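Me: I would like to go through this model with you and ask, label by label, on what grounds each term is used. Please set each value against its cut-off before you conclude.

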Amino acid sequence: MRRVVVTGLGMVTPLGSGVDATWSRLVEGQSGAGKITDFQVDDLACQIACQIPRGDGTDGTFNADEWMEPKEQRKVDPFIVYAMAASSQALRDSGWEPKTYEEQCATGVLIGSGIGGIGGIYEASATLIERGPRRISPFFIPGRLINLAGGYVSIEHGLKGPNHAVVTACSTGSHAIGDAARLIALGDADVMVAGGTESPVNRLSIAGFAACRALSTGYNDTPEKASRPYDKDRDGFVMGEGAGIVVLEEYEHAKARGAKIYAEVIGYGLSGDAYHITSPSEDGDGAYRCMAAALKRAAIDVSEIDYVNAHGTSTPLGDELELKAVERIVGNAAGKLSMSSTKSAIGHLLGAAGAVEAIFSILAIRDGIVPPTINLDNPSVETAIDLVPKQAKRKEINVALSNSFGFGGTNASLILRRVS
Amino acid sequence: MSDVADRVKKIVVEHLGVEADKVVENANFIDDLGADSLDTVELVMAFEEEFNVEIPDDAAETIVTVGDAVRFLEKNAA
């Protein structure tokens, strides 16, 4: 199979717009959480979220107008705008601008989302009930469909290769990158724009996830303390929004044009829990098997993994099950492993989480910095693994693994390696 | 321009993201102002909203220029 490398990165997160703004704030230990002010929350159990800082585009703020015309923004849910921004950033970073017909046909898109345009569906439902079907916009459907993130990106950049989308809840971003890498490995494309995007901070989503008892509810007055993976006082995840997009490229293709190569995608593993619709399997077996599958594909020894970007959502059950599965797979190598949950800082971006976290893993390789698990004051269990509490640390990272686990028992692991 | 024309112009500028000076009487929504078929559906909805009038589908099909819209609304809007 052909080798696949990462040559471009783009992101919009609660810590900022762009890779540099997000990464520097992440490494500093900042939190992107705050009180929700855009809609009524006084009757919701969870009243906080990690939201994208909006502004004129300076100082890491997100200015949607820089990435999509206002008249187009109006037609779509924010998840599509975030995907447009992160994709343009990633393509610009990669320097790849397909111009000939052949180049366009060799470049595809695979962008997923967990729940797509749920905010717009909520609003249109209200319109339908209150004002009738004649008031439903012709852009209602195309602006809410999950694969329209990729659709818009392909139109903007003239990408005529495979046009695909993934929907696997909180594993979406990892599956998108893994599946896109396989399309390149198998020769269906030479370049893929891949990742995940999500805009779930709205009244309906918060009410729904709160009903699942998945969200933090005890930190409404101290939002920045709410996401605290592995800490004994954690009580659920904090919703986040944003997008993470990478440009994946066949190795020789990247080399031939002198592209900057961040890392190689050497492993991708998938598994299913076949256990429960929202809870992870009690023995962590699904997580273990997807990491094992990724390791097998990577053909490396488990001791070569320097860093794990954990799924680590800050839920009471999930964090420890993942930790046990990682301990089981690394065995005696636990003592040299660092594993952090960057959801402590940016919250849970659902379908974008895996893609954003794969990018953090790549940046850890690039800079030799392990991002911290903020708010980890008192770990709920003892472990030989370094959970990188509160402060980033310098460490040479050659191989990183990123985990994502989703509702429905869908699991994905990516393994990324430095290209020397 | 009449009051109706001003209001039509404002809606067209807002929905199609075009310069106001391009929104002239003869301007065709699709050929001159860059609208696609979905944009024209939404434009008609916006006219209905602004002028509190119902524009049936067969009438909507005859509204292809700014002038068509102004004339229809001057005649039918309350």
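**Labels and their grounds**

Reply: A place to begin is B:Ser37, which is found in helix α2 (residues 37–51) of chain B; please keep in mind throughout that this is a predicted model.

Me: What does UniProt list for B:Ser37?

Reply: The unreviewed UniProt entry lists B:Ser37 as "modified residue: O-(pantetheine 4'-phosphoryl)serine", and such an annotation may be inferred rather than shown by experiment. For residues 2–77 of chain B, UniProt (unreviewed entry) gives "domain: Carrier"; in the model that span is 58% helix and 0% strand, and its end C-alpha atoms lie 13 Å apart.

Me: Why is the pair of A:Phe62 and A:Tyr82 called edge-to-face?

Reply: Rings pair if their centres lie within 6.5 Å, and planes over 60 degrees apart count as edge-to-face. The centres of A:Phe62 and A:Tyr82 are 5.8 Å apart and the angle between the planes is 75°, so both conditions are met and the pair is edge-to-face.

Me: What makes this pair a tie between parts of chain A?

Reply: A:Phe62 lies in the loop between β4 (48–50) and α2 (70–73) of chain A, whereas A:Tyr82 lies in helix α3 (residues 78–94), so the pair ties together parts that are 20 residues apart in sequence.

Me: How do you know whether A:Phe62 and A:Tyr82 are buried or exposed?

Reply: Buried means under 20% relative accessible area. A:Phe62 has 2% and therefore counts as buried, and A:Tyr82, with 1%, is buried.

Me: Why is A:Phe237 counted as buried, and what does A:Phe237 touch?

Reply: The relative accessibility of A:Phe237 is 4%, which is under 20%, so A:Phe237 counts as buried. A:Phe237 is found in the loop between α8 (203–211) and β8 (242–250) of chain A, and the residues that A:Phe237 touches include A:Phe209, A:Leu215, A:Thr313 and A:His348. The C-alpha atoms of A:Phe237 and A:Leu215 are separated by 4.7 Å, although these residues are 22 residues apart along the chain. A:Phe237 also forms one aromatic cluster with A:Phe209 and A:Phe407.

Me: Why is helix α7 (residues 172–185) of chain A called roughly perpendicular to helix α13 (residues 353–367) of chain A?

Reply: Angles of 65 to 115 degrees count as roughly perpendicular. The two axes come within 5 Å and cross at roughly 65°, which makes α7(A) roughly perpendicular to α13(A). The contact is made by A:Gly173, A:Ser174 and A:Ile177 of α7(A) and by A:Gly354, A:Ala355 and A:Ala358 of α13(A).

Conventions: Residues numbered from 1 in each chain as written. Chains lettered and ligands numbered in written order. Predicted model: local features only at pLDDT ≥ 70, side-chain atom pairs only at ≥ 80, totals over all residues. Heavy atoms only, no water. Helix = DSSP H or I, 4+ residues; strand = E, 2+ residues; numbered from the N terminus. Phe/Tyr/Trp six-rings, centres within 6.5 Å; stacked < 30°, edge-to-face > 60°. Buried < 20%, exposed > 50% of the residue type's maximum accessible area, 1.4 Å probe, protein only. Axes fitted to C-alpha atoms, helices over the stretch in contact; angles between N-to-C directions. Parallel < 35°, antiparallel > 145°, perpendicular 65-115°, else oblique. Contact = heavy atoms within 4.5 Å. Lists of a residue's contacts leave out its neighbours within four places in sequence.
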